[in-house]
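I opened this notebook to keep track of what I looked up. The entries are short and follow the order in which I went through the structure.

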Amino acid sequence: MLMSTLGIIGSGNIGTAIARLAVIAGVPVVLANSRGPESLASLVAELGPLASAGSIEQAAEAGDVVVLSIPLTAHTSIPASLLAGKAILDTSNYYPFRDGRVAELDEERLTTSELVLRHFPGAGLTKAFNNILAHHIPELARPSGAADRTALPVAGDDAAAKSKVVRLIDQLGFDTVDAGPLAESWRFEPETTAYTRLYVADPSTPDEKLLESAAGPVSAERLNEALKNVEPVRVGARKF
């Protein structure tokens, strides 16, 4: 059973990739960004009749699940009340070169999504789609049951919200592996073995070529192995 509408806050590469897969799957989307609906006119026209642009308030209200795909430090600009009771799909990553240094993250007192959830205490937040390059998302999407279907990790504390996000991800063309609560979501954050490079077809691809790299499917078994064997990353030592 398809969800009725997907709200997407953020029209960057990941949010747009999710929107494309949603309309292909027959799921209506309401897109919003900080620049206003007019800035989304060409994207909505390209996506077709299942896509519409709205305010952040309209995207939050419309969505059965709301994708939050904005820079980490922008999440506090969204009133917490807008997402109270909502299932949030959070794609956030912490990039110090962009976000500045965040002491609670550098000192590993919180994971990135725990920090985001603190601002939205009335919501059920599930972390997903943060560990895959945007251009690999449409390349790897497959119908349910396909032999080469790729798996994505999900982490969250709210079982009901996580279940909604898992159903959505299945509709979009991916299997999922439950990585546990948000406290364990570091396992698929930047510099871990389950982050982006896992989905690159050629493991020898240099960093500067990653945005041009071809994608390679990742089974649930392979992803689960990567999540189990990951070495903790010292967040405060990260340079990007």
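**Pockets**

I began with the second largest pocket, which holds about 260 Å³ of space. I listed 18 residues along its lining, and the closest to its centre are Glu108, Thr111, Trp186, Glu189 and Val235. I sorted that lining by class and got 9 nonpolar, 3 polar and 6 charged residues. I keep in mind that this is a predicted model.

Next I turned to the largest pocket. Its volume is about 1,100 Å³. I found 37 residues in its lining. Ile14, Asn93, Tyr95, Arg98 and Tyr195 lie nearest its centre. By class, I noted 17 nonpolar, 15 polar and 5 charged residues in the lining of the largest pocket. Which helices did I note as each supplying at least two residues of this lining? They are α1 (13–24) and α4 (96–99).

**Helix α1**

The pocket led me to α1. I checked its length against the expected rise. At 1.5 Å a residue, its 12 residues should span 16 Å, and its end C-alpha atoms are 17 Å apart, which agrees. How many of the residues of α1 are buried? I read 9 of 12, so I wrote the helix down as mostly covered. The buried residues are Ile14, Gly15, Thr16, Ala17, Ile18, Ala19, Leu21, Ala22 and Val23. Ile14 thus turns up twice in my notes, as a buried residue of α1 and as one of the residues nearest the centre of the largest pocket. After α1 comes glycine 26, with a positive phi near 85°.

**Helix α8**

I did the length check again on α8 (residues 159–172). Its 14 residues should span 20 Å at 1.5 Å a residue, and its end C-alpha atoms are 20 Å apart, which agrees. The buried residues of α8 are Ala161, Lys162, Val165, Leu168, Ile169 and Leu172. Seen down the axis of α8, these buried residues fall within an arc of 120°, so they line one face of the helix. I recalled the general rule: an α-helix has 3.6 residues a turn, so residues three or four places apart point the same way. The face turned away from the buried side carries the exposed residues Ala159 and Ala160.

I then looked at both ends of α8. At its start, a side-chain oxygen of aspartate 158 comes to within 3.1 Å of the backbone nitrogen of alanine 160. Just after α8, glycine 173 has a positive phi of about 120°.

**Positive phi outside glycine**

Most residues other than glycine have a negative phi. I therefore noted two glutamates as worth an entry, starting with glutamate 108, whose phi is positive at about 60°. Glutamate 108 sits in the loop between α5 (103–106) and α6 (112–119). Its relative accessibility is 36%, so it counts as partly exposed. Glutamate 191 also has a positive phi, near 80°. I placed glutamate 191 in the loop between β8 (175–178) and α9 (220–229). With a relative accessible area of 43%, it is partly exposed.

**A loop isoleucine**

My last entry is isoleucine 132, in the loop between β6 (124–127) and α7 (136–140). Is it buried or exposed? At 3% relative accessibility, isoleucine 132 counts as buried. I also looked up its separation from leucine 198. The two are 66 residues apart in sequence, and their C-alpha atoms are 8.3 Å apart in space.

Definitions and conventions
Residues are numbered from 1 along each chain as its sequence is written. This is a predicted model: local features need pLDDT of at least 70, side-chain atom pairs count only at pLDDT 80 or more; totals for chains, interfaces and linings use all residues. Side-chain values use heavy atoms; hydrogens and water are left out. Helices (H or I, at least four residues) and strands (E, at least two) are DSSP runs, numbered from the N terminus. The expected span of a helix is 1.5 Å times one less than its number of residues. Buried means under 20% relative accessible area, exposed over 50%, partly exposed in between (1.4 Å probe, protein chains only). The arc is that of the directions from the helix axis to the C-beta atoms. A polar contact is a pair of N or O atoms within 3.5 Å; within protein, one must be able to donate a hydrogen and the other to accept it, and residues adjacent in sequence count only if both atoms are side-chain atoms. On a 1 Å grid over the protein atoms alone, a cavity is a set of points where a 1.4 Å probe fits but cannot get out, and a pocket is an open set with protein on both sides within 12 Å along at least five of seven lines; lining residues have an atom within 4 Å of a point. Grid points are joined across faces, edges and corners, and a volume is the space filled by probe spheres set on the points. Ala, Val, Leu, Ile, Met, Phe, Trp, Tyr, Cys and Pro count as nonpolar, Asp, Glu, Lys and Arg as charged, and the others, Gly among them, as polar.
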